[in-house]
Amino acid sequence: MELRDIEIFLVLAEELHFGRTAQRLHVSQARVSQAIKKQERRIGAERSPAPAARCV
C-alpha cells in the first residue's frame, strides 16, 4: 500500500466527501475513488453505501 493511498484514506475519513478530499490533496476525484477501491480490494471489503445526497 502506498503512503499516498493512506493519506487519501485519512483525509477522506475527515472530510467524508470525495470532492473535498480531492481538492484538499490536489488530486482528481477519480484518483481518490481509485485509491479507496484499491484499498477495498486489498482488505476484501467494500464501503457501506452512503445516502445519495452524500455521494458526490
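User: In this predicted model, what is Gln 39 in contact with, leaving aside its neighbours within four places in sequence?
Analyst: Met 1, Asp 5, Ile 6 and Phe 9. Gln 39 itself sits in helix H3, residues 29–43.

User: Why is Gln 39 called buried?
Analyst: Its relative accessibility is 10%. Buried means under 20%, so Gln 39 makes the cut.

User: And Phe 9, what makes that one partly exposed?
Analyst: Phe 9, over in helix H1, comes out at 45% relative accessibility. The partly exposed class lies between 20% and 50%, so that's where Phe 9 lands.

User: How do you know that Phe 9 can belong to a surface patch?
Analyst: Patch residues need over 30% relative accessible area, and Phe 9 has 45%, so it clears that bar. Its partners in the nonpolar patch are Met 1, Leu 3, Ile 6 and Leu 10, and together the five have about 520 Å² of accessible area.

User: What makes up the largest nonpolar core?
Analyst: Nine residues: Ile 8, Val 11, Leu 12, Phe 18, Ala 22, Leu 25, Val 32, Ala 35 and Ile 36. Helices H1, H2 and H3 each chip in at least two of them. Val 32 is in contact with Ile 8, Phe 18 and Ala 22, among others.

User: How do you know how confident the predictor is?
Analyst: By pLDDT, which runs from 0 to 100. The chain's mean is 89, with 82% of residues at 70 or more. Among the elements, H3 has the lowest mean, 95, and H2 the highest, 98.

Key. Residues numbered from 1 in each chain as written. Predicted model: local features only at pLDDT ≥ 70, side-chain atom pairs only at ≥ 80, totals over all residues. Heavy atoms only, no water. Helix = DSSP H or I, 4+ residues; strand = E, 2+ residues; numbered from the N terminus. Buried < 20%, exposed > 50% of the residue type's maximum accessible area, 1.4 Å probe, protein only. Contact = heavy atoms within 4.5 Å. Core = buried A, V, L, I, M, F, W, Y, C linked by side-chain atoms within 4.5 Å. Patch = residues over 30% accessible without salt bridge, like charges linked within 9 Å, V, L, I, M, F, W, Y side chains within 5 Å. Areas by Shrake-Rupley, 256 points an atom, 1.4 Å probe, with all protein chains shown as cover. Salt bridge = Lys/Arg side-chain N within 4 Å of Asp/Glu carboxyl O.
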